[in-house]
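Colleague: Please take a close look at a single part of this model, the largest cavity and the residues around it, and describe the aromatic contacts as well.

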Amino acid sequence: MKNVLALGLAAVLGGVAAVPAQAQDTPPLARPTARPAAPAAEPPARSAAPTTQPRPLAAPSDEQSYRRETVFGINFNTQGGLIGGVNVRSSRVLDERRLWFWSLEGVFFKNPKEETVTSAYTGGSWTLYKTNYAFALRPSIGIQRILFRKAAEAGVQVNGLLSAGPSIGLLMPYHVSYDQTWARRGSGGPSQNDVIVNEQYDPTIPNYSDYIVDRAPFFSGISKTKIVPGVHLRGGLSFEYGRYRDAVAGAEVGFLVEAYTQRLVTFSPPAAPDLTLLNKQFLPSVYLTLYLGHRN
């Protein structure tokens with residue numbers, strides 16, 4: 001009996017002891033662990049567009065603002081009188097520094113020995129011992145180079161010029177009003193009924209100047225004009241000033257050498273030992289030209 005009770009008690013105690021052991025063998029329920037918060041997503045980087053700043057437009061220069069230039073000038077030279085002549089020049093731009101041009105110049109020659117006299121009877125005047133007027137037409141082509149450029153609307157621009165071409169010499173007879181009646185009479189003075197003719201001055205006739213009453217009209221001898229061909233070469237510097245792009249004004253100084261196929265006879269005094277000393281074939285000169293013009 002005692003053995004039965006002991007076995008039953010042992011069975012009960014063994015069941016009680018097994019319960020905690022089983023509990024220990026069963027792992028405890030895992031607590032949910034909080035996951036670390038993901039970092040906030042950054043917005044996608046935009047591709048950087050090229051940020052090139054627009055370049056400022058350069059101020060238009062002279063060579064950009066015009067292609068042609070035309071100027072008109074008055075010439076003063078050492079072979080002429082108070083005003084030597086006139087000219088026109090037309091230029092075309094080749095590049096930012098060079099222009100080519102054509103020009104036409106007309107000049108008047110004056111012999112340094114010429115002397116003006118006045119009639120005591122009529123008050124008329126003429127040039128003593130002058131036989132011809134001498135002129136020259138000079139067509140030429142050349143190149144112009146800008147040496148120092150001026151600002152767009154101020155300052156002074158310096159150009160170098162070189163040109164060449166033919167020279168067309170013109171000898172037009174110098175006519176005077178000669179009193180033939182007075183010359184035949186040989187005394188007294190001119191009268192209203194005298195025969196007066198316009199003819200070329202002839203200093204080879206004795207006492208011819210004594211019976212001249214006046215200078216004849218300028219173009220009275222134009223029908224007997226003679227042409228004398230020649231050539232010329234010119235080099236100079238021009239100093240240009242202009243407040244506006246389309247206007248040009250300035251001065252040109254330089255030298256010119258010119259040669260003709262024969263002497264330009266304009267002065268013929270009767271007692272001259274050698275007319276070649278007074279009338280030249282080779283005519284170098286220094287010149288000054290004042291000009292105005294426009295561009296387009």
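Modeller: A charge is taken to sit over a ring if NZ of Lys or CZ of Arg is within 6 Å of the ring centre and within 35 degrees of the ring normal. In this predicted model, the charged end of R89 meets that rule over the ring of Y291, at 5.5 Å from its centre. Likewise, R234 lies over the face of Y287, 5.1 Å from the ring centre.

Both arginines also belong to the cavity in question. The count of cavities of 30 Å³ or more comes to 3, and the largest holds about 160 Å³ of space. Its lining comprises 14 residues, of which N87, R89, S103, R234 and E252 are the closest to the centre. By character, the lining divides into 5 nonpolar, 5 polar and 4 charged residues. At least two lining residues come from each of the strands β1 (68-77), β2 (85-93), β3 (98-109), β7 (156-173) and β13 (285-295).

As for the aromatic contacts, there are 11 aromatic pairs. In one of them, the ring centres of F108 and F135 are 5.6 Å apart and the planes stand at 50°, so the pair is tilted. This pair links distant parts of the chain, with F108 in strand β3 and F135 in strand β6 (residues 132-148), 27 residues apart. F108 counts as partly exposed, at 23% relative accessibility. Y133 and Y174 form an edge-to-face pair, 5.2 Å centre to centre with 75° between the planes. Here Y133 lies in strand β6 and Y174 in the loop between β7 and β8 (175-179), 41 residues apart. Both Y133 and Y174 are buried. Together, F108, Y133, F135, Y174, F218 and F219 form one aromatic cluster.

Terms used: Residues numbered from 1 in each chain as written. Predicted model: local features only at pLDDT ≥ 70, side-chain atom pairs only at ≥ 80, totals over all residues. Heavy atoms only, no water. 1 Å grid on protein atoms, 1.4 Å probe; cavity = no way out; pocket = protein on both sides within 12 Å on 5 of 7 lines; lining within 4 Å. Points joined across faces, edges and corners; volume = space filled by probe spheres on them. Helix = DSSP H or I, 4+ residues; strand = E, 2+ residues; numbered from the N terminus. Nonpolar A, V, L, I, M, F, W, Y, C, P; charged D, E, K, R; others polar. Phe/Tyr/Trp six-rings, centres within 6.5 Å; stacked < 30°, edge-to-face > 60°. Buried < 20%, exposed > 50% of the residue type's maximum accessible area, 1.4 Å probe, protein only.
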